[in-house]
Amino acid sequence: MAGSGLVRSLTLPEIREKARRRLPRGLFEFIDRGIDGETALTNNAAAFSRLRLRPRVLVDVSQRTTATTLFGRSLSLPLAISPTGAAGLVHHRGEAVLARAAHRAGIPFTLATRSLSSIEEIAAVTEGNFWFQLYPSSPDAFSLMDRAASAGCDVLMVTVDTPVAPLRRYNARNGFALPFRANRRALFDLLFHPRWCASVIGRALLDEGLPRFENLPGRPRITEGAPASEMLEGRLDWERLQLLRDRWRGRLIVKGILRGEDAVRARDAGADAVVVSNHGGRNLDTSVAPLDALASVVEAAGADMPILVDGAVRSGGDVLKALALGASAAMIGRPTLFGLAAAGEAGVTGVLDLYAEELDYALAMSGLPSVDHAGPDLVVRT
Ligand SMILES: Cc1cc2nc3c(=O)[nH]c(=O)nc-3n(C[C@H](O)[C@H](O)[C@H](O)COP(=O)(O)O)c2cc1C
């Protein structure tokens, strides 16, 4: 992998800073912020800082690997890209760019339902090797699932942590809620970001008009359709999950679990994996950090199925901490969006390179020849 010269020597906070300068403020906050007082967001990161590695010494690590397998497929490292709606606003055809970079890097990309690239476009750039995310309460859940299957997708991720539309007041204040209805603040914001306007909105207008939610019925433009409430406030219970499971023939991942007994119930309902997640601290400000919930979920269900985790995984060392607590892989949402904003595909590749390089380094420094050697003895809580 080779990131662009623009990002190669940068750290993740520096890439985030580059993204902050490039994007309209409202869009940057749409990505970067959590909810209300940002408690969950801060706490997600703090959970990683509280955990420290205890390196083992005098181990031969001259031959080591970050590779792993998940669902019978090999991954270059135990990492996947989390679904992030409207990534197509960060960069022209943003989801396709993320998907291509992930595919080239040998890790899975998850396409969010509320994306601006179509399922079929993502299938083409990944040779069908991608994950598709669905809100189970969406009235279109079944048709979307069938569409993903027809495109060759065989891993469905069902997000269960959002029973009502999230209350993120800053988006409305910034004029960056979806559907997009610019207020005076947003208009000024756009005026000061002509480069973003030209490269994202301008290019879309040249293609075929304002970006559209390509996977929603009628392909509504970003200014027209898809208020979150439409997709989220339908039926959401275990029976609904079961109905989806009965219809979906591929692997099923349930995303948004924070309790061991829910992981067990998901497994019993036929889930092949769960993601321990609090939606990147974007939903319930008082929720537990996923890293703090991980061990109990692993203890309850980890022997029988892979457990993934996301939320503030910001380095290869963080990936290793998650593995030590029993995760099979970690996922990231915002970091690859920052890379995308900073330098397009090379920026995403640059961010994935950072994780790969740091994980390899953390393995070596911790005396571990492979990711399979990480266990609970590796970490200590401070
Ligand atoms: C801009 C943005 C949009 C998101 N959209 C979705 C979504 O449509 N579906 C979903 O399941 N999760 C969504 N998430 C949550 C991510 O999948 C993921 O759980 C979270 O970003 C992980 O935390 P991190 O950003 O700290 O790595 C979104 C997150 C962000 C930042």
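Where is the place of Glu38 in this structure? In the predicted model described here, Glu38 sits in the loop between α3, which spans residues 25–32, and α4. With a relative accessibility of 15%, Glu38 counts as buried, because the limit for that class is under 20%. When residues up to four places away in sequence are set aside, Glu38 touches Arg33 and Asp285. The side chain of Glu38 is joined to that of Arg33 by a polar contact of 2.5 Å.

The two helices on either side of this loop may be described in turn. In α3, seven of the eight residues are buried, so this helix is largely enclosed by the rest of the structure. The buried residues in question are Gly26, Leu27, Phe28, Glu29, Phe30, Ile31 and Asp32, a list in which Glu29 and Asp32 appear beside Leu27 and Phe28. The elements against which these buried residues of α3 pack are α2 (12–22), α4, α8 (169–174), α9 (184–191), α10 (194–207) and α16 (334–366).

Helix α4 comprises the 12 residues 39–50, and the distance from its first C-alpha to its last is 16 Å, close to the 16 Å expected at 1.5 Å a residue. Its buried residues are Ala40, Asn44, Ala47 and Phe48. They cover an arc of only 95 degrees around the axis, which puts them on the same side of α4. A general property of such helices helps in reading this pattern: an α-helix has 3.6 residues a turn, so residues three or four places apart point the same way. The cover over the buried residues of α4 includes β1 (51–53), α14 (290–301) and α15 (316–324).

A comparable pattern can be described for helix α12, which consists of residues 238–247 and contains Trp238. The buried residues of α12 are Arg240, Leu241, Leu244 and Arg245. Viewed down the axis of α12, these buried residues fall within an arc of 140 degrees, so they line one face of the helix, while Glu239 and Asp246 are exposed on the other side. The buried residues of α12 pack against α7 (141–150), β7 (155–159) and β8 (251–257). Trp238 itself is partly exposed, with a relative accessible area of 26%; this value falls between the limits of 20% for buried and 50% for exposed residues. Apart from neighbours within four places in sequence, Trp238 is in contact with Asp262, Arg265 and Ala266. The C-alpha atoms of Trp238 and Val160, which are 78 residues apart along the chain, are separated by 9.8 Å.

Asn283 belongs to the loop between β9 (273–276) and α14, and α14 is also among the elements that cover the buried residues of α4. At a relative accessible area of 19%, Asn283 is buried, because the limit is under 20%. Its contacts, leaving aside neighbours within four places in sequence, are with Ile35, Asp161, Thr162, Pro166, Arg168 and Asn278. Among these residues, Thr162 is joined to Asn283 by a polar contact of 2.9 Å between the side chains, and Arg168 is joined to Asn283, again through the side chains, by a polar contact of 3.1 Å. Pro166 and Asn283 are 117 residues apart in sequence, yet their C-alpha atoms are 5.7 Å apart in space.

Thr110 lies in strand β5, which is made up of residues 110–111, and is buried, with a relative accessible area of 0%. A polar atom of the Thr110 side chain lies 2.7 Å from the backbone oxygen of Ile81. Beyond its neighbours within four places in sequence, Thr110 is in contact with Ile81, Ser82, Pro83, Trp131, Phe132, Gln133, Met157 and Met331.

Pro83, one of the residues in contact with Thr110, also takes part in the surroundings of the ligand. Of the 22 residues around the ligand, those that come nearest are Pro83, Thr159, Asp310, Ala312 and Arg314. A polar backbone atom of Gly85 is 2.9 Å from a nitrogen atom of the ligand, and a backbone N or O atom of Arg334 lies 2.9 Å from an oxygen atom of the ligand. In the case of Ser277, an N or O atom in the side chain is 3.5 Å from an oxygen atom of the ligand. On its own the ligand has 600 Å² of accessible area, and the protein covers 96% of this.

Technical notes: Residues numbered from 1 in each chain as written. Predicted model: local features only at pLDDT ≥ 70, side-chain atom pairs only at ≥ 80, totals over all residues. Heavy atoms only, no water. Helix = DSSP H or I, 4+ residues; strand = E, 2+ residues; numbered from the N terminus. Expected span 1.5 Å × (residues − 1). Buried < 20%, exposed > 50% of the residue type's maximum accessible area, 1.4 Å probe, protein only. Arc of directions from axis to C-beta. Contact = heavy atoms within 4.5 Å. Near = heavy atom within 4 Å. Polar contact = N/O pair within 3.5 Å; in protein donor to acceptor, adjacent residues only side chain to side chain. Areas by Shrake-Rupley, 256 points an atom, 1.4 Å probe, with all protein chains shown as cover.
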